[in-house]
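Me: I'd like to learn how to read a fold feature by feature. Can we go through one together?

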Amino acid sequence: MSRPNLGRIASTNLTSGVGSRILEGKVAIVTGASRGIGAAICRNLAGKGCSLVMNYTSDSSAEPATKLAEELQESEGIKAITVQADMGSETGPAHVVEIARNHFAHPKTGKFVIDIIVNNAGVAKNQAIEDVTIDAFSKLYNVNVRGPLLLMKAATQYLPTDRSGRIVNISSVSARLGYATQSIYGGTKAALEAMTRTWARELAERATVNAINPGPVATDMYEKTDEAFVKQNAPHIKNGPLTAPRQGVDPQKYVDAAPVTGGRPAYDFEIAGAVGMLVLPEAAWTTGSVVCANGGMVFSL
């Protein structure tokens, strides 16, 4: 997808105004990092000097993940490794942490710290109540809920002990808007938000824990959205204060489609920008929150 004409905002990766290398020396785990929102988050964090553990699942994602890691190492001067692991499996999340430790532990002391975790990997499927299957329920809850939980279980021992850690969970407006056909998907994201609040308390001396809740984002998945869901979602998008497309700024295809879709989707770097803010040292007083990053489709309570 071509980037909208947002000038220097997009080109600077929305890095912090207090210094583009503000995360120098830190290590982040980003799940679902090979494309879309995950890849944009990796670009944002790398632009701030953060080294990366980039998780992906499928064999088809190996090449884009590797290319992105190589690109960021060259352009940003950080260390980036890729780890193939199924976040929906019982062993995948712990495998990510173990590979991270093998690559980033101090060679002499063995000290290893995970400064940032972004639980981004997720799967979606829309099914009406009468069409719900056990397989779909298991897959979505295993990836979207159990995966982040098991990753945190494996990683907690390596979090900082001074509250400088940052955990960001990628939720969705689906947790709040009650879309028809999303009994399972909406439920998984609501569960992730509930765990966000729980972890904020349990990990209070280690890290802040927050979530963001995007609406539609201009990724490959967005382009495949079926007509029925587009029609259902259009009023919600139209209601967002920032979702009106801008002639000459946003890609023309989103301007032309707005009468049907309700407005433009988010761009991946806009979602990454919200994550990038929450992981900064200045975000130390924000925890247990769901930060709305959806153009105003949903407001914070």
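Me: Let's start with a loop: between which helices does Thr181 lie?

Reply: Thr181 lies in the loop between α6 (174–177) and α7. Helices here are DSSP runs of H or I with at least four residues, strands are E runs of at least two, and both are numbered from the N terminus. Before we go on, a word on the model: it is predicted, so local features need pLDDT of at least 70 and side-chain atom pairs pLDDT 80 or more, while totals for chains, interfaces and linings use all residues. Residues are numbered from 1 along each chain as its sequence is written, and side-chain values use heavy atoms, with hydrogens and water left out.

Me: What is the phi of Thr181 near?

Reply: Most residues other than glycine have a negative phi. Phi of Thr181 is near 80°, a positive value in a non-glycine residue. Arg163 also has a positive phi, near 70°, and its place is the loop between α5 (134–155) and β5 (165–170).

Me: Are Thr181 and Arg163 buried or exposed?

Reply: Buried means under 20% relative accessible area, exposed over 50%, and partly exposed in between (1.4 Å probe, protein chains only). Thr181 has 31%, so it is partly exposed. Arg163, at 44%, counts as partly exposed too.

Me: And Thr196, where does that residue lie, and what is it in contact with beyond its sequence neighbours?

Reply: Thr196 sits in helix α7 (residues 183–202), and its relative accessibility is 0%, so it counts as buried. Contact means heavy atoms within 4.5 Å. Leave aside the neighbours within four places in sequence, and Thr196 touches Asn169, Val209, Asn210, Ala211, Gly288 and Ser289. For a distance in space, take Thr196 and Arg206: they are 10 residues apart in sequence and 14 Å apart, C-alpha to C-alpha.

Me: How many aromatic pairs are there?

Reply: A pair of aromatic rings is described by the distance of the centres and the angle of the planes. Rings of Phe, Tyr and Trp (its six-membered ring) pair if their centres lie within 6.5 Å; planes under 30 degrees apart are stacked, over 60 edge-to-face, and the rest tilted. The structure holds 6 such pairs. In one of them, Tyr222 and Tyr254 meet edge-to-face, 6.2 Å centre to centre with 70° between the planes. Tyr222 belongs to helix α8 (residues 220–223) and Tyr254 to helix α10 (residues 252–261), so this pair ties together parts 32 residues apart in sequence. Tyr222 is buried at 18% relative accessibility, and Tyr254 is buried at 4%. Both rings join Tyr267 and Phe269 in one aromatic cluster.

Me: Phe269 makes me curious about helix α11: how many of its residues are buried?

Reply: Helix α11 (residues 268–278) is mostly covered, with 9 of its 11 residues buried. Among them are Phe269, Ile271 and Leu278.

Me: Which ring does the charged end of Lys79 sit over?

Reply: The test is that NZ of Lys or CZ of Arg is within 6 Å of the ring centre and within 35 degrees of the ring normal. Here the charged end of Lys79 sits over the ring of Phe104, 4.8 Å from its centre.

Me: Zooming out, how many helices and strands are there in the protein chain?

Reply: The protein chain has 11 helices and 7 strands. Buried residues make up 49% of its 301 residues. Among contacts between residues at least 6 apart in sequence, 75% join residues at least 24 apart.
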